[in-house]
Amino acid sequence: MKTSYRINELKKAVNKNAEVVWDLCCDHGKIGISLFKENRKIIFVDQVEHIISNLRKKLEISKFNTKFQVIDAKEINIFNSKDESIIIAGVGGHTCIDIMSNILDRFGHLKSEFILSPQKNLIQVYEFLRLNQFNVISEKIIVDSKVKYHIIKVKQKVLS
Ligand SMILES: C[S@@+](CC[C@H](N)C(=O)[O-])C[C@H]1O[C@@H](n2cnc3c(N)ncnc32)[C@H](O)[C@@H]1O
């Protein structure tokens with residue numbers, strides 16, 4: 001499958017050794033699909049039923065380890081492992097914040113990495129990250145088909 005420049009850049013941000021990758025708000029699932037790899041589980045999450053059932057049908061013959069959840073992404077039960085990558089792309093900054101703050105409330109300190117690509121409200125996203133002690137591991141601005149995208153990789157600071 002041909003992947004867009006944006007999806008390729010999101011893919012490059014993910015830890016190569018990640019054993020579990022969450023494609024939150026996945027829609028077409030192209031981000032998760034681009035990250036298929038042996039010994040890796042990809043979990044596709046979207047709150048819209050037919051999106052997930054179509055994706056499940058499309059990928060049922062795939063040899064890769066996949067899981068599908070119709071759920072509001074803020075309710076996911078992460079593994080909270082350093083070998084886990086959680087991608088939130090293509091939604092607004094407030095949705096990113098809502099999802100991350102719910103996960104934080106339920107899991108406390110987070111060991112997983114997050115790859116964020118909010119469509120808007122970037123200032124609010126950075127403020128949320130600062131207040132919640134996330135380190136920015138990398139950040140990139142890319143242009144794909146004349147649209148500008150921010151790709152931010154973050155991890156919560158280790159508590160001493
Ligand atoms: C524009 S698509 C983004 C697709 C993909 N992530 C990308 O970047 O290409 C937005 C998707 O997010 C889903 N979505 C929005 N808010 C959500 C939430 N809180 N939980 C789960 N899915 C959500 C919508 O149903 C829609 O399919």
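Let's start at the ligand: 16 residues surround it, and Cys25, Asp27, Ala73, Ala89 and Gly90 come nearest. (A residue is near a molecule or strand if its C-beta atom, placed from the backbone, lies within 6 Å of it.) The shell splits into nine nonpolar, three polar and four charged residues. Here Ala, Val, Leu, Ile, Met, Phe, Trp, Tyr, Cys and Pro count as nonpolar, Asp, Glu, Lys and Arg as charged, and the others, Gly among them, as polar.

Keep in mind that this is a predicted model: local features need pLDDT of at least 70, side-chain atom pairs count only at pLDDT 80 or more, and totals for chains, interfaces and linings use all residues. Residue numbers run from 1 along each chain as its sequence is written.

Now for the sheet. Seven strands make an open, mixed sheet in the order S3-S2-S1-S4-S5-S7-S6. Strand S3 (65-70) and strand S6 (134-144) sit at the edges with a single partner strand each, so one side of each has no neighbour in the sheet. From one strand to the next, the twist averages 15°. Two bits of vocabulary help here: strands pair if DSSP finds at least two bridges between them. Helices (H or I, at least four residues) and strands (E, at least two) are DSSP runs, numbered from the N terminus.

Follow S7 (residues 147-156) and you'll meet S5 (residues 113-117), its antiparallel partner over three bridges; there, Phe114 is bridged to Val154 in S7. S7 also runs antiparallel to S6, joined by ten bridges, and Ile141 has His150 in S7 as its bridge partner. S6 and S7 form a hairpin with two residues between them, and Ser145 in the turn has a positive phi of about 50°.

What about the helices? In H1 (residues 5-13), Arg6, Ile7, Leu10 and Ala13 are buried, where buried means 20 or more other C-beta atoms within 10 Å of a residue's own, exposed means 12 or fewer, and partly exposed is in between, with C-beta atoms placed from the backbone. Seen down the axis of H1, these buried residues fall within an arc of 115°, so they line one face of the helix. (The arc is that of the directions from the helix axis to the C-beta atoms.)

Finally, visit Ile103, in helix H4 (residues 93-107). Ile103 is buried, with 22 other C-beta atoms within 10 Å. Leaving aside residues up to four places away in sequence, Ile103 touches Lys74, Ile76, Ile78 and Leu110, where contact means C-beta atoms, placed from the backbone, within 7 Å.

Technical notes
Axes are lines fitted to C-alpha atoms, for helices over the stretch in contact, and angles run from 0 to 180 degrees between N-to-C directions. Two residues are in contact if their C-beta atoms, placed from the backbone, lie within 7 Å.
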